[in-house]
Amino acid sequence: MSAAVSSLVFQGLLVLLVVTHVQSQSQLSFAQNAQTISDLQYVLGANYKMFVAAYWRYMYGGCDPLATKLSTDIANGYLKSYCTYLTQCPVVSSSQSCIVQQSATAVRRACCKESTCSYGLAFPSEKIIGGQPAVIGEFPWTAMLLLDGRLICACVILDDRHAITAAHCLSRLVGGEIIEVLAGRYQYNLTLKEEGNQRVKVTSYKQHEVYDYRYLYNDVAMLTLSTPLLFTAFVTPACLPPRGDNPELSCTVAGWGTISSRLILAPQVLMKVKLQTYNKTECFNTFKDTSQPQGSLGLYLTDGNLCAANGLLGGQDSCSGDSGGPLMCLKKSSDNVLRYYVFGIVSGASDCARPGEPGLYSNLLYYMDWIETNLRSS
């Protein structure tokens, strides 16, 4: 048998192995599974067959079993044995199937020296007022914060055991409440089942030591989870910006907050909106004469704040329920890949989307020492 024919037979067998179960679970076509094998060859290189031979049983079971196995093999060092056969560092794209994304991400983590955050990938292609629906899996570091089973805020995943949110989300707790993080979520209605969701209890939380609820100074809080999250195509940690960086002029906010400034009107899915960003000085100079009550804006602005708004026009903003969610900016990383970096989390505003009124965000660069200290100590 010639090498070309042998290769074709091997690929055909792989497709048959993967398609049988996956098709019954997700109604994928034979052509789509053939594309998965083709994509694996493209991202893993000439020796992709060795990888597939080792993991086809887990691919057969779908994305979750594969993710679990790959995470285990990264932790125990088994996946490193494949590194000597790797001819290229895999490129992860949101256009790939979850099997290909899981495989490429795992191989990158095991074999490639990352000089930058490997998450935060932008799709190739907002409760948020004046926004639009996000794409499923577009912002997998954005999670729901639940109190006794009810959405109260959003939060941002930092690693597999920690998330960050706004301190004011937790300021009225009296003790005994059940606090949970729901990661991988897209729809607002919690009675609707979704694949890829991970619901984990919060064992402890820590508000900033000098948080001030009156002016929302230091409006950040660290959440510690009871069990580690499993990183998948729908659940990943956020990329935080390098120290000394600055947000882009236009950045994106995402959340499940109210989509009306006058009514409590919930969205159907995760929403997103692009807003112009301002540092403390720019925010004061731009909005000091239009923010209400007039003359009060300076009381709320500190070095720990960023502002974002649709200029002076209003009509687009984060609002009630979005607190704790990410303000993220697209930037090219050192490996020349466009990634989202989370520069801020939603803090507050006096009147959502009102013309001349900025939204306030906690500036994560300002709190980087606090974040790193609390990640190490909890």
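Across the whole of this predicted model, a search finds 11 salt bridges, and several of them make good stops on a tour.

Select glutamate 138 and lysine 272 to begin, and you will see a salt bridge whose closest N and O atoms are 2.9 Å apart. Glutamate 138 sits in the loop between β2 (132–133) and β3 (142–147), while lysine 272 belongs to strand β10 (residues 271–278), so the pair ties together parts that are 134 residues apart in sequence. Are these two residues buried or exposed? Both glutamate 138 and lysine 272 are buried.

Next, select lysine 206 and glutamate 209, whose side chains meet in a salt bridge of 2.9 Å, N to O. Here lysine 206 is partly exposed, its relative accessible area being 35%.

Move on to lysine 331 and glutamate 248, where the side chains form a salt bridge of 2.7 Å from N to O. Since lysine 331 is part of strand β13 (residues 326–332) and glutamate 248 is in the loop between β8 (221–225) and β9 (250–255), this pair ties together parts that are 83 residues apart in sequence. Lysine 331 counts as buried because its relative accessibility is 15%, under the 20% cut-off, whereas glutamate 248 is partly exposed, with a relative accessible area of 31%. Then select Arg243, Asp369 and Glu372, which salt bridges with shared partners join into one network.

Turn now to the nonpolar interior, and select Leu145, Leu170, Val181, Leu223, Leu229 and Tyr361, the residues with the most contacts inside the largest nonpolar core, which has 42 residues. Strand β4 (residues 150–159) gives this core its largest share, four residues. Apart from this core lies another, of 28 residues, including Leu151, Ile164, Met271 and Ile345. If you centre on leucine 229 and leave aside its neighbours within four places in sequence, you will find it in contact with Ile157, Asp159, Asp160, Ala183, Gln198, Val200 and Val235.

The last stop is helix α4 (residues 63–75), whose 13 residues reach 18 Å from the first C-alpha to the last, close to the 18 Å expected at 1.5 Å a residue. Which residues of α4 are buried? They are Cys63, Leu66, Ala67, Leu70 and Asp73, and they cover an arc of only 135° around the axis, which puts them on the same side of α4. An α-helix has 3.6 residues a turn, so residues three or four places apart point the same way. Show α3 (48–60) and α5 (98–111) as well, since the buried residues of α4 pack against these two helices. Just after α4, select glycine 77, which takes a positive phi of about 85°.

Definitions and conventions:
Residues are numbered from 1 along each chain as its sequence is written. This is a predicted model: local features need pLDDT of at least 70, side-chain atom pairs count only at pLDDT 80 or more; totals for chains, interfaces and linings use all residues. Side-chain values use heavy atoms; hydrogens and water are left out. The expected span of a helix is 1.5 Å times one less than its number of residues. Buried means under 20% relative accessible area, exposed over 50%, partly exposed in between (1.4 Å probe, protein chains only). The arc is that of the directions from the helix axis to the C-beta atoms. Contact means heavy atoms within 4.5 Å. A nonpolar core is a set of buried Ala, Val, Leu, Ile, Met, Phe, Trp, Tyr and Cys residues joined through side-chain atoms within 4.5 Å. A salt bridge is a side-chain nitrogen of Lys or Arg within 4 Å of a carboxyl oxygen of Asp or Glu.
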